[in-house]
Amino acid sequence: MKKLQAGITYIEIMIGLAMFSLLLTLTTINFPNIIQRASMDATVVTMVSDIKNQQLKAMVGADNGDGAFTSFGVHFQPDRYTLFRGGTYKLDNTTNYEVILGDPVRLQTINLPNAEIIFSIRSGQIQNFDGSQNSLTLVNTASGQQKTAYVNKLGVVTRIEGYENYTAKRPNVS
């Protein structure tokens, strides 16, 4: 009577290791691209959220603590943007909140009057809006990926080129 031997042969182990190595290689090759895309998407979402928040503050009439209502705005620079209160951006204002863009994301093109958006009290509309100057272009300097955000006179980010998941939410007017 022959005895059957159970187990794994050397060939089977080598085939399993080869398949595992191939899967690991494919995952490692694609992983940096996923991280860069996620970083860029997170930066865009955060920036749009901050713009909307500044507009909301202007619309609801947030004040300086003295009962006087004020405008709110966002000032843009290539490596950062600053959230500020008041009708003009002042570098030394202690209430400014600066958001530094993570490396390698930069604002490549700031196509806005005075590189800023200032929201009017109560209406939330952009002060001194110019339809030919209404966009910001972010670029990932490592991958070359770009996303351009466009705003309208009402302060709404209407579209973002290069960001498939973004659509401006329109109010239901009936």
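**Exercise 1. Determine which residue in β5 stands opposite Gly 73, and describe the pairing of β1 with β5.**

Solution. Gly 73 stands opposite Ile 118 in β5. Strands here are DSSP runs of E of at least two residues, helices are runs of H or I of at least four residues, and both are numbered from the N terminus. Two strands pair if DSSP finds at least two bridges between them. For β1 and β5 there are 4 bridges, and the two strands run antiparallel. The model is predicted, so local features need pLDDT of at least 70, side-chain atom pairs count only at pLDDT 80 or more, and totals for chains, interfaces and linings use all residues. Residues are numbered from 1 along each chain as its sequence is written, and side-chain values use heavy atoms, with hydrogens and water left out.

**Exercise 2. State which way the residues of β5 point, and list the contacts of Ile 117.**

Solution. Step one concerns direction: Glu 116 and Ile 118 point one way from β5, whereas Ile 117 and Phe 119 point the other way. All four are buried, where buried means under 20% relative accessible area, exposed over 50%, and partly exposed in between (1.4 Å probe, protein chains only). Step two concerns contact, meaning heavy atoms within 4.5 Å. With neighbours within four places in sequence left aside, Ile 117 is in contact with Ile 51, Phe 72, Gly 73, Val 74, Phe 76, Phe 84, Leu 112, Ile 126 and Val 151.

**Exercise 3. Identify the residues of the largest nonpolar core that touch the most other members, and the elements that contribute to this core.**

Solution. A nonpolar core is a set of buried Ala, Val, Leu, Ile, Met, Phe, Trp, Tyr and Cys residues joined through side-chain atoms within 4.5 Å. The largest one has 26 residues, of which Met 47, Phe 76, Tyr 81, Ile 117 and Leu 138 touch the most other members. Two or more residues each come from α1 (10–60), β1 (72–77), β2 (80–85), β4, β5 (116–119), β6, β7 (146–151) and β8. The most is given by α1, with 6 residues. In soluble globular proteins, nonpolar side chains tend to be buried together.

**Exercise 4. Classify the aromatic pairs.**

Solution. Rings of Phe, Tyr and Trp (its six-membered ring) pair if their centres lie within 6.5 Å; planes under 30 degrees apart count as stacked, over 60 as edge-to-face and the rest as tilted. By this rule there are 2 aromatic pairs. The ring centres of Phe 76 and Tyr 81 are 6.1 Å apart with planes at 40°, so this pair is tilted. For Phe 84 and Tyr 89 the centres are 5.6 Å apart and the planes at 65°, so this pair is edge-to-face. Phe 76 counts as buried because its relative accessibility is 2%, and Tyr 81 counts as buried at 2%. Phe 84 and Tyr 89 are also buried.

**Exercise 5. Give the strand order of the open sheet of 4 strands and explain which strands stand at its edges.**

Solution. The order is β4-β6-β7-β8, with antiparallel pairing. Because β4 (105–111) and β8 (157–161) each have a single partner strand, they stand at the edges, and one side of each is left without a neighbour in the sheet. Strand β4 is joined to β6 (residues 135–140) by 6 bridges. Ile 110 stands opposite Leu 136 in β6.

**Exercise 6. Describe the protein chain as a whole.**

Solution. The chain has 1 helix and 8 strands, in the order α-β-β-β-β-β-β-β-β from the N terminus. Buried residues make up 33% of its 174 residues.
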